[in-house]
Amino acid sequence: MRQQRIKPMWEDDNDSEWDESDEEEFQRMKRNRFQHPLMQKALEIIKLTQAIVGSLDEARTELYGGQMMESAMILASKFSGAEAMENYIHKMENAVQMKLHARSLSSMSYQLALEGTHAEEHLQLLRDGIEDFRKLFITWVKGFDKSKREDDGWGVFMD
């Protein structure tokens, strides 16, 4: 019995190539994504987090710095990933990760306050940014199209 060869995706039968209209569409989508208020707020949170982490002593940088920067950066990367897809389930998975990392970052700001590492005003700026992000996030998630869902095999986010 002869096995059928599966073509790699780069061996497309349509011989479609990336052309100028594809590039223009890609650039338009990229601009829209980076101009979205949620992305703008995520980028602001990254800058605030960098400033806080940059002023930590060596021991606290080692303890908190990497985790704080990771959480801040995930907000932007998961937003970008969710915006690049239509599937409701995948969007929600990214949204949940964003929520968890925003909460983690907020919690770490309270830990730093307890340790007296920063002026409360600096940490409050980060918390305020996260609260603004949360409000924008709620509006963004409400805009997901539930009709564009495919079962992921795990039964999450299915009615």
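## Charges over rings

K91 sits over the face of F144, 5.2 Å from the centre of the ring. A second arrangement of this kind involves R127, which lies over the face of Y110 at 3.9 Å from the ring centre. The model is predicted, and the values in this report are computed from it.

## Aromatic pairs

Searching the whole structure gives five aromatic pairs. In one of them, the ring centres of Y88 and F144 are 6.4 Å apart and the ring planes stand at 85°, so this pair is edge-to-face. Y88 belongs to helix 4 (residues 88-114), while F144 lies in the segment after helix 5, so the pair ties together parts separated by 56 residues in sequence.

Y88 has a relative accessible area of 9% and is therefore buried, the cut-off being under 20%. F144 is buried too, at 8%. F144 also forms an edge-to-face pair with W140, with 4.8 Å from centre to centre and 85° between the planes. Both members of that pair, W140 and F144, are buried. Ring pairs join F79, Y88, F133, F137, W140 and F144 into a cluster. F144 thus appears in the pair with Y88, in the pair with W140 and under the charge of K91.

## Overall fold

The protein has five helices and zero strands, and its pattern along the sequence is α-α-α-α-α. Of its 159 residues, 30% are buried. Among contacts with a separation of 6 or more, 71% are between residues 24 or more positions apart.

## Helix 2 against helix 5

Two packed helices are described by the angle between their axes and the distance between the axes. For helix 2 (residues 37-54) and helix 5, the axes come within 9 Å and cross at roughly 160°. An angle over 145° counts as roughly antiparallel, so helix 2 and helix 5 fall in that class. The crossing of helix 2 past helix 5 is left-handed.

On the helix 2 side, the residues that meet helix 5 are P37, L38, K41, A42, I45, L48, T49 and I52. Their counterparts in helix 5 include H122, L123, L126, G129, I130 and F133, and also L136, F137 and W140. Of these, F133, F137 and W140 also belong to the aromatic cluster.

## Residue L123

L123 is in helix 5 (residues 120-142). Its relative accessible area is 0%, so L123 is buried. Leaving aside residues up to four places away in sequence, L123 touches I52, S109, L112, A113 and H118. One of these, I52, is in the set of helix 2 residues that meet helix 5.

L123 and L48 are 75 residues apart in sequence, and their C-alpha atoms are 8.8 Å apart in space. L48 is likewise among the helix 2 residues that meet helix 5.

## Helix 2 against helix 3

Helix 2 also packs on helix 3 (residues 58-83), at an angle of about 170° and with the axes 9 Å apart. Helix 2 and helix 3 are therefore roughly antiparallel. Helix 2 contributes L38, M39, A42, L43, I45, I46, T49, Q50, I52 and V53 to the contact. Helix 3 supplies T61, G65, M68, M69, A72, M73, L75, A76, F79 and S80.

Several helix 2 residues take part in both packings, including L38, A42, I45, T49 and I52. On the helix 3 side, F79 is also a member of the aromatic cluster.

Technical notes. Residues numbered from 1 in each chain as written. Predicted model: local features only at pLDDT ≥ 70, side-chain atom pairs only at ≥ 80, totals over all residues. Heavy atoms only, no water. Helix = DSSP H or I, 4+ residues; strand = E, 2+ residues; numbered from the N terminus. Buried < 20%, exposed > 50% of the residue type's maximum accessible area, 1.4 Å probe, protein only. Contact = heavy atoms within 4.5 Å. Phe/Tyr/Trp six-rings, centres within 6.5 Å; stacked < 30°, edge-to-face > 60°. Lys NZ or Arg CZ within 6 Å of the ring centre and 35° of its normal. Axes fitted to C-alpha atoms, helices over the stretch in contact; angles between N-to-C directions. Parallel < 35°, antiparallel > 145°, perpendicular 65-115°, else oblique. Left-handed = near helix turned anticlockwise from the far one by under 90°.
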